Number of protein chains: 2
Amino acid sequence: MTDGTDESEMPAEPTQALRFGQARLARSTALVEDYVELIADLLASGGEARSTDVAKRLGVTHPTAIKSIARLKREGLATSKPYRGIFLTEAGHELAHKVRARHRLLVELLLAIGVPLEAAEADAEGMEHHASEATLAAAAGFLAARKHRPDE
Amino acid sequence: MTDGTDESEMPAEPTQALRFGQARLARSTALVEDYVELIADLLASGGEARSTDVAKRLGVTHPTAIKSIARLKREGLATSKPYRGIFLTEAGHELAHKVRARHRLLVELLLAIGVPLEAAEADAEGMEHHASEATLAAAAGFLAARKHRPDE
DNA sequence: ACTTAAATGTAGCCTTGGCTACATTTAACC
DNA sequence: GGTTAAATGTAGCCAAGGCTACATTTAAGT
């Protein structure tokens, strides 16, 4: 009630600008999150994350992957030694965990409202980076409520 | 059933790379969509869309807005004459319409699962660009079904 | 009408995240 | 062990999308 309802008393620009700014920020963190999530996956399954694997899975060339991984290292999320694989720091693992949980939640939500699996996975890949805590909490609540009456 | 379930027969990379590629493409079109949507809003309400207004609403400087608007012109979505406002082409109007409908649908969906209004608006601003036709159709269906039993 | 403020436009720089081309190192295979 | 293939790393280019600084044009105020 304090925002976005009264147009005569308050200009629309600031709140809208904030929203767009938020979306831009999310876009810039999306890449980092994708890389961390993928590296965590590779470490969990194969035991090691090599840059070519990362590049292949992301659909980019390996120099691009290396450059992005350099950013992860700058931000204290990953480490690596020349010609060795990539590893996640403690912070990297934490972020990966958070990102993965969020991804799963989004996919579950989409499936619950009737989106086919492949579309749900693909859309979640992009949408997950823009879901706020409020939305995640709501999604979790919605899914929990659904569990009790799975019909309809 | 034809994809993403059998890990022994098919490598995981291609489908995952496709998903990431899709998300990247969506990110690049997101900016265009935001601008077109906003310009359409300004034209509808104020009657004209000036570059400073666009910049203010988006929270960027005006040279940035102008550069982005140049991209819209390149892509045949908008037109403008020096020191005059910005206008949308037929294609621009069509895109604006599509984008706005999608935005509203997403917001409605978030509200329906219990997300507060301001968070729903902010999240939708980012998520809308990643929602496929399948997800939009599912959301519409879900909301229609909800209408018949608004309790719980 | 002239002056001044605001809006619009242009130029040039930075960072990010793509890419290709090339160098180097590791591993594999006679 | 030497040769070759693959993986890894580096260099340098490009486009997009931010920015500041400055030029120009329009509109307002007196």
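Copies are superposed by least squares on the C-alpha atoms of residues with pLDDT of at least 70 in both. With that in hand, the relation between the two protein chains of this predicted model can be described. In general, two copies of a chain are related by a rotation about an axis and a shift along it. Here, chain B is superposed on chain A by a rotation of 180 degrees with 0.0 Å of shift along the axis, and the RMSD is 0.0 Å. The two copies are thus related as by a two-fold rotation axis. Which residue of chain B comes closest to the rotation axis? That residue is Met127(B), whose C-alpha is at 2.3 Å from the axis. Both copies use the same surface, since 100% of the contact residues of chain B recur in chain A.

A look at chain A alone helps to set the scene. Its secondary structure comes to six helices and two strands, and along the sequence these follow the pattern α-α-α-β-β-α-α-α. Chain A has 152 residues, of which 44% count as buried. Among the contacts of chain A between residues at least 6 apart in sequence, 53% join residues at least 24 apart.

One helix of chain A deserves a closer view. The buried residues of H2(A) are Val54(A), Ala55(A), Arg57(A) and Leu58(A). These residues cover an arc of only 170 degrees around the axis, which puts them on the same side of H2(A). A helpful rule to keep in mind is that an α-helix has 3.6 residues a turn, so residues three or four places apart point the same way. After H2(A) comes Gly59(A), with a positive phi near 75 degrees.

Next comes the DNA, beginning with strand D. Around DNA strand D there are 22 residues, and those that come nearest are Thr52(A), His62(A), Tyr83(A), Lys67(B) and Arg71(B). By class, this surface has eight nonpolar, seven polar and seven charged residues. Helix H2 (51–58) and helix H3 (62–74) of chain A, along with helix H1 (13–45) and helix H3 (62–74) of chain B, each supply at least two of its residues. Which helix gives the most to the surface near DNA strand D? It is H3(B), with six residues.

What part of DNA strand D faces the protein can be read from its atoms within 4 Å of the protein: 58% belong to sugar or phosphate, and the rest to bases. Individual contacts illustrate both kinds. A polar backbone atom of Tyr83(A) is 2.9 Å from a phosphate oxygen of DNA strand D, and a backbone N or O atom of Thr61(B) lies 3.0 Å from a phosphate oxygen of this strand. At a base, by contrast, an oxygen of DNA strand D is 2.5 Å from an N or O atom in the side chain of Lys67(B).

DNA strand C can be described along similar lines. It is surrounded by 19 residues, the closest being Lys67(A), Arg71(A), Thr52(B), His62(B) and Tyr83(B). Of the atoms of DNA strand C that come within 4 Å of the protein, sugar and phosphate account for 57%. The side chain of Lys67(A) has a polar atom 2.5 Å from a base oxygen of DNA strand C, while an N or O atom in the side chain of Arg71(A) is 2.5 Å from a phosphate oxygen. Tyr83(B) has a polar backbone atom 2.9 Å from a phosphate oxygen of DNA strand C. H3(A) gives the most to the surface near this strand, with four residues.

Note on methods. Residues are numbered from 1 along each chain as its sequence is written. Chains are lettered from A and ligands numbered from 1 in the order in which they are written. This is a predicted model: local features need pLDDT of at least 70, side-chain atom pairs count only at pLDDT 80 or more; totals for chains, interfaces and linings use all residues. Side-chain values use heavy atoms; hydrogens and water are left out. Contact means heavy atoms within 4.5 Å. A residue is near a molecule or strand if one of its heavy atoms lies within 4 Å of it. A polar contact is a pair of N or O atoms within 3.5 Å; within protein, one must be able to donate a hydrogen and the other to accept it, and residues adjacent in sequence count only if both atoms are side-chain atoms. Ala, Val, Leu, Ile, Met, Phe, Trp, Tyr, Cys and Pro count as nonpolar, Asp, Glu, Lys and Arg as charged, and the others, Gly among them, as polar. Buried means under 20% relative accessible area, exposed over 50%, partly exposed in between (1.4 Å probe, protein chains only). The arc is that of the directions from the helix axis to the C-beta atoms.
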